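Here is a set of exercises to work through at your own pace. Keep the structure open beside you and try each task before you read its solution.

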Amino acid sequence: MLTPEELKQTKIFSCLDEQDLQWLSLQAAHLHLEPGEYLIHEGEPASFFVLVEGTAEVTKDILGRTVGVSRHQQDDFFGELSILMATAAPASVRARTACRVVRLNPQDLQELIRRSAACSASIMQTLNERVQAVQQYMLQVPVSRVHIVGSRFDDNCREIRTFLNTNRVPYHWTDTDRIVRAKLTQPVGSNRGPSIVVDNVQPVGQPTIRSVAKALGFQTVPKRRSYETVIVGGGPAGLAAAVYGASEGLRVLLVERKAPGGQAGSSSRIENYLGFPNGISGEDLSQRAFKQAVRFGAEIVLTREVKQVSLRSDGTYAIGLDGEETISTKTAIIATGVDWRKLNVEGVDSFIGRGVFYGGERADAQTVMGKRIFIVGAGNSSGQAALFFANYADEVTLLVRGNDLKQSMSQYLVDKIRLVANIHVETQTYLLSAEGTDCLHALYLGRTGQPVERRNADCLFVMIGADAVTDWLPDVLQRRNGYICTGGEVTDFTHWRSHRPPYLLETNLPGLFCVGDVRNGSIKRVSSSVGEGSMAISFIHQYLEPTRA
Ligand SMILES: Cc1cc2nc3c(=O)[nH]c(=O)nc-3n(C[C@H](O)[C@H](O)[C@H](O)COP(=O)(O)OP(=O)(O)OC[C@H]3O[C@@H](n4cnc5c(N)ncnc54)[C@H](O)[C@@H]3O)c2cc1C
């Protein structure tokens with residue numbers, strides 16, 4: 001606690017009278033920071049700070065890179081801008097030297113402004129200067145680090161755009177298909193692959209999500225040869241396991257073949273996850289979880305696929321990554337989720353990437369701009385995609401086999417869809433075939449007792465459910481329809497060498513755990529996946545306990 005006399009010595013509070021200083025002394029927190037320690041992180045709820053001693057650096061996450069933007073010296077105050085504008089902290093502040101700081105919460109800043117006209121004038125003048133500085137900053141800061149030149153009908157181009165979106169890396173995209181159509185010099189969809197420039201440097205050869213990830217500075221190679229736990233898959237379940245594992249002191253590696261977030265990362269708005277009353281986009285949730293896991297010390301390698309998991313004779317696991325790299329681990333967590341189910345309808349396969357897409361990504365917004373699009377499927381993911389694409393497409397048609405959307409979609413989505421004029425729901429309707437030339441042009445639809453109807457279509461998004469793809473895992477791993485059995489479901493004990501039964505989320509291979517959508521009998525939700533990911537860490541501690549003694 002700072003005394004009224006000590007507070008009086010700071011410039012901003014020197015104008016306060018005895019009574020106000022007494023009041024302030026009872027409200028103000030007195031913080032001590034070591035060099036490098038963070039006072040506040042970008043995006044956190046704001047507070048008002050006065051630097052009593054030392055110097056601090058202001059850093060900002062600009063397009064995925066942490067950049068130093070300014071410094072604070074003794075007697076500087078900050079935080080008033082976000083409190084008065086009711087926003088989160090626009091930047092992070094960390095101590096450069098040992099610092100002492102006074103912190104007031106937002107209500108106390110308001111009270112201070114009410115009590116002291118002199119303090120208020122000083123704060124408002126600084127606020128004014130800062131608003132002007134923000135204006136200058138907005139003119140200088142680059143809009144994107146990545147420029148993509150590629151066709152909307154190129155799968156690789158779409159995958160890279162999705163990767164950038166999910167990682168919240170803004171990019172500029174020149175759609176060559178649009179240019180080609182305008183000039184009519186080449187057939188639409190002529191597929192020479194995208195060309196990509198990152199920070200004014202062109203990735204070599206044919207760009208892939210890995211070369212782009214490397215160029216942007218994401219980790220793509222594990223730093224160690226062995227870990228206490230390796231998590232396969234960076235959806236909500238894997239990310240939760242990484243956060244809890246790293247925060248509880250385990251050496252954790254998470255391997256994700258694409259970008260963090262999994263299926264949830266492709267959701268335009270998750271409205272039923274606890275703590276977000278207005279919903280949160282999948283990208284936002286994934287990025288927060290990714291940063292949280294990294295902050296706790298988890299290693300996350302992106303754009304790498306686990307190809308093999310094998311139990312060694314000493315009870316540890318060998319994890320084989322693509323590119324023939326092998327990592328050792330005492331325990332592993334399979335959190336690989338599910339993949340979109342394929343639609344076996346004539347013609348559909350030949351237009352994949354050229355009008356037909358599995359799943360609906362935010363990166364597709366530009367692709368559907370001003371188009372007539374169809375979504376086949378009636379689950380929550382189709383509902384979210386319809387609502388999202390309706391903001392960009394001319395017309396969105398949901399093709400539903402059942403009598404009613406309510407049979408398969410949450411009521412809140414059904415209610416919203418009803419209110420959107422350019423979304424049409426066609427029930428008891430079957431997709432019979434797709435037709436086109438260089439890209440999709442039309443769909444043939446069937447309804448019981450009615451003639452087949454041909455409908456012009458620019459895009460078809462297939463969202464008819466998902467399956468667990470686990471055939472790459474060891475044959476001895478017990479599965480049911482591809483989904484991995486755990487805990488009480490385990491009946492095959494051929495490779496079980498322990499006297500105890502498997503833990504709740506443990507497979508029939510000791511030390512190999514399974515969480516989230518890929519687990520047999522799991523509830524396919526973000527919250528349950530997060531719950532399972534965190535629970536698995538607790539079981540891993542119990543599993544490792546005897547080896548630590
Ligand atoms: C469009 C959409 C909207 C949704 N909306 C909601 C919602 O509003 N509320 C809700 O509760 N639920 C929602 N869900 C369901 C929810 O997203 C899933 O239940 C949840 O994401 C499952 O998490 P998971 O971590 O188990 O698997 P996933 O999210 O599927 O993640 C698995 C990850 O593993 C990676 N992977 C797979 N194999 C490998 C490998 N061999 N090597 C490395 N990485 C690998 C994948 O790339 C993927 O990133 C939605 C789903 C979709 C598709």
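**Exercise 1. An open sheet**

Task: Work out the order of the strands in the open sheet of four strands, and find which are the edge strands.

Solution: This is a predicted model. Start by reading across the sheet: the order is 1-8-3-6, and the pairing is antiparallel. Next, look for strands that pair on one side only; these are strand 1 (29-33) and strand 6 (77-78), the edge strands. Now take the pair formed by strand 3 (residues 48-53) and strand 6, which are antiparallel and joined by two bridges. Finally, pick out one bridge: Phe49 has Phe78 in strand 6 as its partner.

**Exercise 2. A hairpin**

Task: Find how many bridges join strand 24 to strand 25, and how many residues lie between them in the hairpin.

Solution: First locate strand 24 at residues 440-447 and strand 25 at residues 453-456. These two strands run antiparallel, with four bridges joining them. One partnership to look for is Leu445 with Glu453 in strand 25. Then follow the chain through the turn: five residues separate the strands of this hairpin, and Gly449 in the turn has a positive phi of about 75 degrees.

**Exercise 3. The domains**

Task: List the domains of the chain, then describe how domain 3 meets domain 4.

Solution: Begin with the whole chain, which has 15 helices and 30 strands. Its C-alpha atoms fill a box of roughly 85 × 65 × 50 Å along the principal axes. The domain assignment gives domain 1 (4-140), domain 2 (146-216), domain 3 (226-338 + 468-548) and domain 4 (349-466). Now compare positions: the C-alpha centres of domain 3 and domain 4 are 32 Å apart. At their meeting place, seven residues of domain 3 are in contact with eight residues of domain 4. On the domain 3 side, the residues that touch domain 4 are one nonpolar, three polar and three charged.

**Exercise 4. The nonpolar cores**

Task: Find which residues touch the most other members of the largest nonpolar core, and which helix gives this core its largest share.

Solution: As background, buried residues account for 41% of the 549 residues in the chain. The largest nonpolar core holds 73 residues, and those touching the most other members are Ala241, Ala242, Ala293 and Ile333. Helix 9 (residues 236-247) supplies the largest share, eight residues. Domain 2 and domain 3 each contribute at least three residues to this core. Zoom in on Ala242: apart from neighbours within four places in sequence, its contacts are Ile231, Val252, Leu254, Ala293, Ala298 and Ile300. Last, look for a second, separate core of 37 residues, with Ala378, Phe389, Met409 and Ile464 among them.

**Exercise 5. Checking a helix**

Task: Test whether the span of helix 11 agrees with 1.5 Å a residue, then find what its buried residues pack against.

Solution: Helix 11 covers residues 282-295, which is 14 residues. The expected span is 1.5 Å times one less than the number of residues. For helix 11 this comes to 20 Å, and the end C-alpha atoms are 20 Å apart, so the two agree. Next, mark the buried residues of helix 11: Gly282, Glu283, Leu285, Ser286, Gln287, Ala289, Phe290 and Ala293. To interpret such a pattern, remember that an α-helix has 3.6 residues a turn, so residues three or four places apart point the same way. The buried residues of helix 11 pack against several elements, including helix 6 (155-166), helix 9 and strand 13 (252-255). To finish, step past the helix to Gly297, which follows helix 11 and has a positive phi near 105 degrees.

Methods. Residues numbered from 1 in each chain as written. Predicted model: local features only at pLDDT ≥ 70, side-chain atom pairs only at ≥ 80, totals over all residues. Pairing = 2+ DSSP bridges. Core = buried A, V, L, I, M, F, W, Y, C linked by C-beta atoms within 7 Å. Buried ≥ 20, exposed ≤ 12 C-beta atoms within 10 Å, placed from the backbone. Domains from an automatic or database assignment. Contact = placed C-beta atoms within 7 Å. Nonpolar A, V, L, I, M, F, W, Y, C, P; charged D, E, K, R; others polar.
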